[in-house]
Amino acid sequence: QVQLMESGGGLVQPGGSLRLSCAASGTVFSINYMGWYRQAPGNQRDMVASIYEGGTPNYADSVKGRFTISRDNAGNTVYLQMNSLKPEDAAVYYCHARIQDYTSRFRDYWGQGTQVTVSS
């Protein structure tokens, strides 16, 4: 089985920074896509940042220039560096990955979510 484990959420003041991490574990043959989504109460889940293997990152307009997505060399961990945080960035952040697992097929996996609160 495959699991995505997120960490790094918490409470930060406006203008502050947080770094989220998401590690894939289990039977992972390859990962061709990893991304971060967020969902605030009453809102839909929206893409924040994403990166395909060997590709350039993609960002929501609202976070361009403030957030940076990256992957480790092994490719099984994705990070989201969030700078200049605003109250409107507050949400539950979810990791999403498309993983070739024990079935040898690529399937979508989601993390459990990590809360980011931006407040003074």
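Which residue forms a salt bridge with Asp61? In this predicted model, the partner of Asp61 is Lys64, and the closest N and O atoms of the two are 3.1 Å apart; the legends below begin with this pair and move on to other close-up views.

**Figure 1. Asp61 and Lys64 form a salt bridge between two exposed residues.** The view is centred on the side chains of Asp61 and Lys64, whose closest N and O atoms lie 3.1 Å apart. Both Asp61 and Lys64 are exposed. Side chains of opposite charge can pair when their charged atoms come close. The model has five salt bridges in total.

**Figure 2. Arg38, Arg66 and Asp89 are joined into one network by salt bridges that share partners.** Asp89 pairs with Arg38, with 3.0 Å between the closest N and O atoms, and this salt bridge links distant parts of the chain, since Asp89 sits in the loop between strand 8 and strand 9 whereas Arg38 belongs to strand 4, 51 residues apart. Asp89 and Arg38 are both buried. The side chain of Asp89 also meets that of Arg66 in a salt bridge, at 2.7 Å from N to O. Arg66 lies in the loop between strand 6 (58–59) and strand 7, and Asp89 in the loop between strand 8 and strand 9, so this pair ties together parts that are 23 residues apart in sequence. Like Asp89, Arg66 is buried.

**Figure 3. The largest nonpolar core contains 32 residues.** Trp36, Leu80, Met82, Tyr93 and Ile99 are the residues that touch the most other members of this core. At least two core residues come from each of several strands, among them strand 1 (2–7), strand 3 (18–26), strand 4 (30–39) and strand 11 (114–118). Strand 9 gives the most to the core, with five residues. For Met82, when residues up to four places away in sequence are not counted, the residues touched are Gly16, Ser17, Leu18, Leu20, Arg66, Phe67, Tyr93 and Val116; Arg66, also shown in Figure 2, is thus a salt-bridge partner of Asp89 as well as a residue that Met82 touches.

**Figure 4. Strand 8 pairs in the antiparallel sense with strand 3 and with strand 7.** Strand 3 and strand 8 are joined by six bridges, while five bridges connect strand 7 to strand 8. On the strand 3 side, Ala23 stands opposite Thr77 of strand 8; in the pairing with strand 7, Arg71 has Val78 of strand 8 as its bridge partner. Strand 8 is mostly covered, with five of its six residues buried. One of the residues of strand 8 is Thr77, which is buried because its relative accessible area is 13%, below the 20% limit for that class. Outside its neighbours within four places in sequence, Thr77 is in contact with Cys22, Ala23, Met34, Ser70, Arg71 and Asp72.

**Figure 5. Asn76 and Gly75 are shown at the turn of the hairpin of strand 7 and strand 8.** This hairpin has five residues between its strands, and Gly75 takes a positive phi near 85°. Asn76 is placed in the loop between strand 7 and strand 8 and is partly exposed, with a relative accessible area of 27%. Apart from neighbours within four places in sequence, Asn76 is in contact with Cys22, Ala23, Ala24, Val28, Ile31 and Met34. Asn32 lies 44 residues from Asn76 in sequence, and their C-alpha atoms are 10.0 Å apart in space.

Notes
Residues numbered from 1 in each chain as written. Predicted model: local features only at pLDDT ≥ 70, side-chain atom pairs only at ≥ 80, totals over all residues. Heavy atoms only, no water. Core = buried A, V, L, I, M, F, W, Y, C linked by side-chain atoms within 4.5 Å. Buried < 20%, exposed > 50% of the residue type's maximum accessible area, 1.4 Å probe, protein only. Helix = DSSP H or I, 4+ residues; strand = E, 2+ residues; numbered from the N terminus. Contact = heavy atoms within 4.5 Å. Salt bridge = Lys/Arg side-chain N within 4 Å of Asp/Glu carboxyl O. Pairing = 2+ DSSP bridges.
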